[in-house]
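Here are a few exercises to help you find your way around a new structure. Try each task yourself, then read the solution step by step.

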Amino acid sequence: MQQPPPHAPWHPNRREFLYVGLLGTVGMTMSDLFRTEARAATARQLGASAGKAKSVINIYLPGGMSHQESFDPKVGSPIEYRGPLEAVKTKIDGVQFSENLKETAKIADKITVVRSMTHGEAAHERGTHSMFTGYRPSPAIAYPSMGSVVAHELGERNHLPPYVLIPNQTTPYAGTGYLGSAFGAFALGSDPANDNFSVRDLTLPGGIDEQRFAERREMRSVVDAHFSALEKSDALDGMDAFYQRAYAMISSKEARAAFDIKAEPAALRDSYGRNQAGQRMLLARRLVEAGVRFVSLTYGGWDHHDNIKAANGRLMPNFDKAYAALIRDLDERGLLDSTLVVVNTEFGRTPKINGTAGRDHWPKVFSIALAGGGMKRGYVHGSSDATGGEPDSDPLSVEDYAATIFHQIGIDPDKTLMTPGGRPQAIVKDGHVVKDLLA
Amino acid sequence: MLRGFFVFSFALPLFAAAPALKDVKVFPADVNLRTRHDRQSIVVQATYADGVTRDVTAQASYALGQKSLAKFEKFTLTPIADGQTELRVKFSGRTLVVPVKVEQSQVEPPISFLNDVMPVFTKAGCNTGGCHGASRGKDGFHLSLFGYDPDGDHHRITRELIGRRINLALPEESLLLEKSVNRVPHTGGERMKPGDELYRTLLSWLQAGAPKDPPAVARVVRLEVQPAQSVLEGTDEAQQLSARAFYSDGSDRDVTTLTAFMSNNDAAVKVTDAGRAIAGLRGEAFITARFEDQAAGVQVLSIPKNLPFTWPAVAETNYIDTAVHAKLRQLRLAPSAVSDDATFLRRVHLDITGTLPAADDVRTFLADRSPTKRAAVIDELLGRREFTNLWVMRWAELLQIRSADQQVQMSAKSALQYFEWLEERIAANVPADQMVRQLLTAAGPSFENPAANFYKVERDTLKLTENAAQAFMGVRLQCAQCHNHPFDRWTMNDYYGFAAFFGQIGRKPGEDPRETIITNSASGGVKHPVGGKDMAPKFLGGPKPEIAKGTDRRQVLADWLVAPENPWFARNLANLVWAHFFGKGIVDPIDDIRVSNPPSNPALLDALAAKLVAYRYDFRALIRDICNSRTYQLSATANATNAGDDTNFSKSAVRRIRAEVLLDALSAVTGAAEKIRGLPQGGRAVEIADGRTSNYFLTTFGRATRETPCSCEVRMEPNLSQALHLLNGDAVNAKVTAGGLVKKRLRDGQKTPEIIEELYLRTLGRFPTATEKEKLQAFFPEGKNPETALNDLFWSLLNAKEFVFNH
């Protein structure tokens with residue numbers, strides 16, 4: 001059930017009648033009223049640094065990366081808390097990272113590490129939902145992912161899809177929620193780490209030249225017109241939107257080239273690492289450079305209930321090399337200030353090593369990294385307590401985290417969007433931009 | 001005051017012709033006052049001829065029979081002396097009589113931790129997941145989430161950090177109270193006010209010495225919320241709700257003020273703490289009420305005031321239309337017109353058989369003048385093999401027929417055997433109750449009795465329990481594994497009691513390593529994680545059956561589940577079938593029925609379920625009713641009233657064709673068969689036995705992987721990859737060429753207009769319109785070989801929304 005569509009005859013109820021009557025005398029309409037409210041909200045949340053980021057690269061480490069074995073080693077704690085790994089010095093005075101982040105330690109002066117991320121969701125799906133949408137899961141409403149909100153608010157650039165997932169649909173919460181399906185991500189369906197990587201169907205099939213494709217498009221529009229005039233639905237609008245985007249991509253050489261990782265110099269590809277972490281991050285850089293607004297990539301499975309030393313040792317070094325290379329590469333190209341790189345995960349892991357030499361789920365405090373896009377360089381935000389069990393200072397909530405990211409890409413987190421049921425929803429509910437994070 | 005004046009002056013002319021009063025109801029219909037502090041509030045609801053309801057509690061007049069027995073004040077009855085009398089409620093010329101019984105009026109009831117104190121924590125929100133109900137509590141104090149562990153909560157309040165939380169010497173100074181009223185800083189702020197009911201309850205309990213209940217304390221067995229449905233006309237129109245709890249000792253209690261209410265659509269209807277539902281924007285909402293571990297819900301509709309609406313005189317083919325129309329009238333929605341023959345034929349082919357009608361089928365049907373031709377084609381399609389294929393696929397999704405990563409666990413061979421077993425049953429029209437019974441009670445070697453694969457697909461007792469509840473009852477129990485379900489009635493006791501039915505399954509390897517022998521081990525069980533008690537089997541939402549030792553518990557479960565009076569089984573199946581034909585369940589998602597996600601049209605679901613039982617679970621018969629209903633045959637085009645409706649079946653839903661059916665359709669209309677792993681050449685995607693089998697097309701268009709029984713596995717939303725694949729991929733371009741249809745027709749000497757017509761009929765199931773014919777002429781200049789252009793037209797038709805969608 002929805003409100004009547006805007007073109008339907010308006011039958012004011014008594015209350016509306018009254019309001020409009022009163023406003024009419026001072027020369028305002030209902031929509032003016034709403035606009036005024038929107039402006040007030042804008043003034044409140046969008047500060048001078050808003051919109052510094054032109055794109056976001058989200059590196060999602062699914063399963064729950066341990067904070068102790070990454071950005072928040074518990075150096076002085078007893079061994080059962082400290083865990084099996086040593087720590088290394090970083091470019092920031094007095095700040096140490098876990099030993100498997102040696103390369104990242106060298107670029108620590110370019111990034112912000114948050115050691116006080118916190119929420120209460122200890123189940124993978126609920127934690128992931130929180131970190132992807134900025135909302136706790138609700139039984140009554142499906143929230144859009146941050147990428148879909150960016151697609152909705154900012155739209156496309158350079159004929160490229162605004163929101164791209166590498167290599168596949170990352171999580172069910174990377175979806176469009178209550179927003180129309182047209183704001184869904186483009187999932188590559190192929191891993192750039194594979195030698196035979198290519199994004200399917202970007203080029204015209206053999207035997208079909210541009211001339212013939214143009215004719216096909218024209219004929220299709222004839223065939224499609226009858227039905228378009230008759231039926232309306234979100235899915236139909238979605239399909240139309242994706243056809244328009246597909247046409248644009250197919251006919252733009254530059255757009256298609258954004259997906260061609262082989263065009264990167266071999267030495268640079270080596271520096272990122274010829275593996276899933278390296279090539280996915282490199283492609284992400286290539287995509288944002290070409291105009292994609294929000295790239296979300298996944299790497300590894302970090303649900304290390306058992307033998308965390310071995311599991312971390314298998315995954316982290318490749319991440320470390322790739323991430324450091326990405327930050328350097330962006331910085332050298334002058335893109336770091338306009339690209340917000342978010343390393344996140346659904347939660348951290350228990351303070352104490354468990355009976356199988358691993359750690360279990362722990363959402364009370366964990367670490368994420370934010371770099372570029374107007375974030376401070378060489379800064380550690382917040383802290384966890386001595387055992388990594390609770391935030392000790394400056395806890396960062398999911399809402400504030402989301403509000404800050406939206407703010408940096410130029411979206412007012414207080415803005416309300418409308419669900420299909422006519423229910424207004426804030427992009428982030430009660431989130432505050434965390435000024436301390438900003439340069 | 002100003003507003004009041006305006007409202008008054010505008011409102012006057014609007015009360016012209018009020019619809020006639022149809023019914024008046026009093027809630028509750030009988031009043032039982034037991035013990036001294038008992039009370040019962042009264043709510044009166046009037047229903048008018050146009051379906052609108054009004055809360056007329058304040059407008060009704062009341063007369064109490066014997067004033068010496070009870071007091072009636074502020075619409076609430078309180079006891080004075082034992083005896084029986086009646087309350088006469090009069091409204092608009094009608095009188096209703098409510099019997100009033102007063103017992104033990106001089107007895108001071110002892111305060112109960114379970115029945116008085118625990119509800120305070122739920123009502124005040126103390127034990128929610130964001131507060132002390134979080135798995136590790138909040139700020140050092142933990143309560144069980146929504147009160148799943150009263151003993152533990154009592155312990156934590158009274159024994160943990162002794163002396164901190166309660167002060168029995170000076171109860172008012174207990175931290176529990178100080179925090180709750182924010183007298184000392186409380187992260188959660190002020191949850192109650194000094195002296196209010198919640199506060200007084202906590203205080204009395206502390207004054208009584210913070211006692212624990214005796215073991216025999218009465219427990220809530222049921223929560224009733226009334227009125228079951230309200231239709232509020234106009235913003236700010238309100239309806240007071242009444243909540244009553246029934247206890248194991250036969251008593252009842254007015255718990256309206258102690259119940260936590262929640263609306264699932266605040267924009268349409270919001271609900272106050274006191275249980276007052278208030279209308280907002282046009283729409284519908286479900287109000288969920290939670291008291292102790294019980295939950296119940298009611299439906300509240302909000303419609304604009306004075307909406308000009310006349311119900312159109314539309315025919316009703318059967319009970320389906322009756323139920324759908326009744327709801328539409330309440331909402332002031334008119335159903336769309338009936339679809340034209342071509343649209344109907346394409347839709348019914350896709351829905352019943354998963355195939356498109358052949359060009360000649362369309363021609364014959366459109367030329368047929370028989371008034372019963374739609375019913376005839378439905379009957380014919382229900383007899384086709386493709387109907388069986390489609391439903392075998394649907395059941396294979398429910399049963400998760402898929403080989404495992406570890407072939408020993410579930411081999412491709414086992415998956416195929418299981419699939420074939422299913423196919424035999426659906427082809428032979430074995431009633432669904434018998435089929436499910438065979439699955440649940442399956443025993444023996446899985447090669448000989450492939451139904452035993454039900455216990456091979458999932459070996460974990462708890463996951464098996466969850467899957468069975470989701471597939472056969474449409475209930476998602478997962479939450480209740482660790483705490484009482486936050487949005488439903490399920491408690492951990494329900495969960496582990498139900499799991500106990502699956503607690504005695506024996507599995508041993510057969511001779512072939514891929515085979516498993518399923519037995520009734522007649523020993524073992526399931527333990528409750530809080531307290532570690534071995535759970536006796538208990539039906540979900542039902543009683544604890546007596547089971548003799550050694551009896552196969554699954555047999556007892558199957559008897560209960562598929563019994564005609566079981567409230568879940570037939571409704572779930574009926575809803576599943578309905579969703580297939582309408583793209584949306586009456587409960588939606590279909591496998592997530594809960595108090596906070598009830599059916600959009602309960603009468604419709606009840607009617608379908610009753611029919612399914614009457615048909616002895618022959619779902620073909622139910623499908624025949626569905627497809628013959630006017631509701632199913634509606635056009636997708638909206639009228640002036642129903643553009644915004646997507647939950648009440650007032651028009652046909654435009655649905656993308658699901659992955660398998662779309663791929664099969666592309667193969668069929670082009671004549672270029674697809675080679676699918678594990679199937680013979682020409683095998684169709686709907687016939688895939690093993691959920692592990694897929695290809696790029698099927699994955700991109702959202703085929704279910706069958707890793708879970710969840711209906712959400714089938715993904716229908718459009719995306720960019722799909723568009724690119726249809727435009728540039730081999731699914732369309734290569735098939736058009738490989739099938740060579742256009743070439744063949746030209747070779748046979750057919751003319752361009754004939755071929756254009758056939759392409760339209762094959763793909764869209766209709767003739768080209770005059771406009772289309774005229775516009776297409778430009779692409780076929782005189783003297784030019786039309787082959788390329790015809791192939792391009794074929795390609796265009798397959799890329800049209802009208803092809804990709806069922807409408």
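Helices (H or I, at least four residues) and strands (E, at least two) are DSSP runs, numbered from the N terminus. This is a predicted model, where local features need pLDDT of at least 70, side-chain atom pairs count only at pLDDT 80 or more, and totals for chains, interfaces and linings use all residues. Residues are numbered from 1 along each chain as its sequence is written, while chains are lettered from A and ligands numbered from 1 in the order in which they are written.

**Exercise 1: Get to know chain A**

Work out how many helices and strands chain A has, and what share of chain A is buried.

Step 1. Go through the secondary structure: chain A holds 13 helices and 17 strands.

Step 2. Next comes burial (a residue is buried if 20 or more other C-beta atoms lie within 10 Å of its own, exposed if 12 or fewer, and partly exposed in between, with C-beta atoms placed from the backbone). Of the 439 residues in chain A, 49% are buried.

**Exercise 2: Split chain A into domains**

Find the domains of chain A and say how far apart their centres are.

Step 1. Domain bounds here come from an automatic or database domain assignment. Chain A falls into domain 1 (37-199 + 261-437) and domain 2 (201-258).

Step 2. Taken over C-alpha atoms, the centres of these two domains of chain A are 34 Å apart.

Step 3. Now look at where they touch (two residues are in contact if their C-beta atoms, placed from the backbone, lie within 7 Å). Domain 1 of chain A puts 13 residues into the contact and domain 2 of chain A puts in 15.

**Exercise 3: Follow one strand**

Take strand E4 (residues 111-118) of chain A and find which strands it pairs with.

Step 1. Check burial: eight of the eight residues in E4(A) are buried, so to speak of it as mostly covered is fair.

Step 2. Two strands pair if DSSP finds at least two bridges between them. E4(A) runs antiparallel to strand E11 (residues 366-371) of chain A, with five bridges, and A:Ile111 sits opposite A:Ala371 there.

Step 3. Strand E12 (residues 379-381) of chain A is parallel to E4(A), with three bridges; A:Thr112 has A:Tyr379 as its bridge partner.

Step 4. Strand E15 (residues 396-397) of chain A also pairs with E4(A) in the parallel sense, over two bridges, and A:Met117 stands opposite A:Leu396.

**Exercise 4: Is chain B compact or not?**

Use the radius of gyration of chain B to decide.

Step 1. Start with the parts: chain B has 28 helices and 25 strands.

Step 2. The radius of gyration is taken over C-alpha atoms, and the globule rule is 2.2 Å times the number of residues to the power 0.38. For 807 residues that rule gives 28 Å, and chain B comes to 31 Å, which is close, so chain B is as compact as a globular protein of that length.

**Exercise 5: Where the chains meet**

Describe the side of chain B that touches chain A.

Step 1. Count the residues: 66 of chain B are in contact with 55 of chain A.

Step 2. Look for the top contributor: H22(B) gives the most to this side of chain B, with eight residues.

**Exercise 6: How confident is the model?**

Find the average pLDDT of chain B.

Step 1. pLDDT is the predictor's confidence in each residue, from 0 to 100. Chain B averages 92, and 97% of its residues score at least 70.

Step 2. Watch residues 1-16 of chain B, where the pLDDT is below 50.
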